[in-house]
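This report describes the architecture of a protein chain for a reader at the bench. Please keep the sequence and the model at hand while reading.

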Amino acid sequence: MLPRVADSLSFLYLDIVRVQQDDTGVLAEVTSERHGTQTVYLPTAALSCVLLGPGTSITARALTTLARHGTTVVVTGAGGVRTYAAAQPDSLSTVWLERQARAWADDQARLAVAKAMYEKRFGTGTAPAGSNLATLRGLEGHRVKAQYQLLAKQYRIGRFRRTYDPAAWDSQDPVNLALSSANTCLYGIVHAAIVALGCSPALGFVHSGNQQAFVYDVADLYKAELTIPLAFSLHASHNPEGEARRSFRDGLRLFKLLPRIVADIQDLLDPSKDRSRDVPDPSEQLVDLWDPVAGAVPGGLNHGAASGPETGDAHPCPQ
């Protein structure tokens, strides 16, 4: 089944625990001096994604069980605000990956998705009809610059210029440091949502040439609302990076943003919003065969019989 982020148990974040498998199921062991060792069993069949934060370890048996149940495992930073690696199960549907790849490979479809991304930032109907990407990039630049000027005036910090220089990191002003730190947190959350859907972080529509191009695309939808105001609020901080990470993690409410991110990705890749056909029969785990006319034909069948396809040995991948 596709990850259903709207379900309360779709995403589970864990830290400072050991995840292992026993004869009953997958469990998390929490050890403390005050309470000793406590055991909590995980509802693996009800989880689409497990986020493993700092201080966690997981055994091979537990990871195998999660994969068998179709659960994506993502290694993250504290609070799930950075993504370092992800393990996706073989049973994860490729519906959204295929839609992403088709839209990315077709210039007209890619342009339509890119324009839709800009419209999500501007507001529906605010982008001039027939605008090309160069015009939209210019409009976005003016919009962000105006927001910088408004927030700089609000916080009385004078002229502000966005800079990002890793070679001179410590010499940057608090707002730029906080903004870079908060954006990194946002990238991690977006990355987790993308891999949980089965999409590719590398196939971007506005950005290109980087393994996180699609992450940057989606994250840009939320910066004006989330990270930019936060960064300006920390203009007088003595530790803008640390405070940005903590404020972002505590105030963002991760499990409410993830459903929004997934819904936005689905809206961009499927503007029709008719997704009932996207949910496969959970009892069918066979791989379909591609056909240029039919689109997809059933796998696990003998298509060489003169009288039509006959059922043969059902293999996960047709031989």
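A residue is called buried under 20% relative accessible area, exposed over 50%, and partly exposed in between (1.4 Å probe, protein chains only). By this measure R156 is exposed, with a relative accessible area of 79%.

**Basis of the description**

The model is predicted: local features need pLDDT of at least 70, side-chain atom pairs count only at pLDDT 80 or more, and totals for chains, interfaces and linings use all residues. Residues are numbered from 1 along each chain as its sequence is written, and side-chain values use heavy atoms, with hydrogens and water left out.

**Overall composition**

The protein chain holds 9 helices and 12 strands. Helices (H or I, at least four residues) and strands (E, at least two) are DSSP runs, numbered from the N terminus. Of the 319 residues of the chain, 41% count as buried. Contact is taken to mean heavy atoms within 4.5 Å. Among contacts between residues at least 6 apart in sequence, 57% join residues at least 24 apart.

**Strands and sheet**

Strands of a sheet pair through backbone hydrogen bonds, either parallel or antiparallel. Two strands are said to pair if DSSP finds at least two bridges between them. An open sheet of mixed pairing is formed by 4 strands in the order β4-β3-β2-β6. Because β4 (36-41) and β6 (57-58) stand at the edges with a single partner strand each, one side of each is left without a neighbour in the sheet. Strands β2 and β6 run parallel and are joined by 2 bridges; V19 stands opposite I58 in β6. Helix α1 (residues 60-68) packs on this sheet and touches β2, β3 (26-32) and β6. The direction of α1 makes about 75° with that of β2, where angles run from 0 to 180 degrees between N-to-C directions and axes are lines fitted to C-alpha atoms, for helices over the stretch in contact.

Strand β7 (residues 72-76) is mostly covered, with 4 of its 5 residues buried. Strand β5 (residues 49-52) runs parallel to β7 and is joined to it by 4 bridges, and C49 has T72 of β7 as its bridge partner. Strand β8 (residues 83-87) pairs with β7 in the antiparallel sense, also over 4 bridges; here V73 has A87 of β8 as its bridge partner.

**Nonpolar cores**

A nonpolar core is a set of buried Ala, Val, Leu, Ile, Met, Phe, Trp, Tyr and Cys residues joined through side-chain atoms within 4.5 Å. The largest such core has 43 residues, and those with the most contacts inside it are V218, I261 and I265. At least two residues of this core come from each of α2 (95-105), α3 (107-122), α4, α5, α6 (213-219), α7 (227-233), α8 (240-252) and α9 (254-269). Helix α5 gives the most to this core, with 12 residues. Leaving aside neighbours within four places in sequence, I261 is in contact with I189, V190, A193, V218 and Y222. A second, separate core of 12 residues includes L14, L42, V50 and L66.

**Packing of α3 and α4**

Helices α3 and α4 pack at an angle of about 20°, with their axes 11 Å apart. That makes α3 roughly parallel to α4, a term that applies to angles under 35 degrees, whereas those over 145 count as roughly antiparallel, 65 to 115 as roughly perpendicular and the rest as oblique. The contact is made by L111, A114, K115, Y118, R121 and F122 of α3 and L133, L136, R137, L139, E140 and R143 of α4.

**Loop residues**

Three loop residues are set out below.

| Residue | Loop | Relative accessibility |
|---|---|---|
| I16 | between β1 (11-14) and β2 (18-21) | 61%, exposed |
| R156 | between α4 (133-154) and α5 (174-197) | 79%, exposed |
| V206 | between α5 and α6 | 27%, partly exposed |

Phi of I16 is near 55°, a positive value in a residue other than glycine. Phi of R156 is likewise near 55° and positive, again in a residue other than glycine.

Which residues does V206 touch, not counting residues up to four places away in sequence? They are A114, M117, Y118 and D217. V206 and Y118 are 88 residues apart in sequence and 9.2 Å apart in space, C-alpha to C-alpha.
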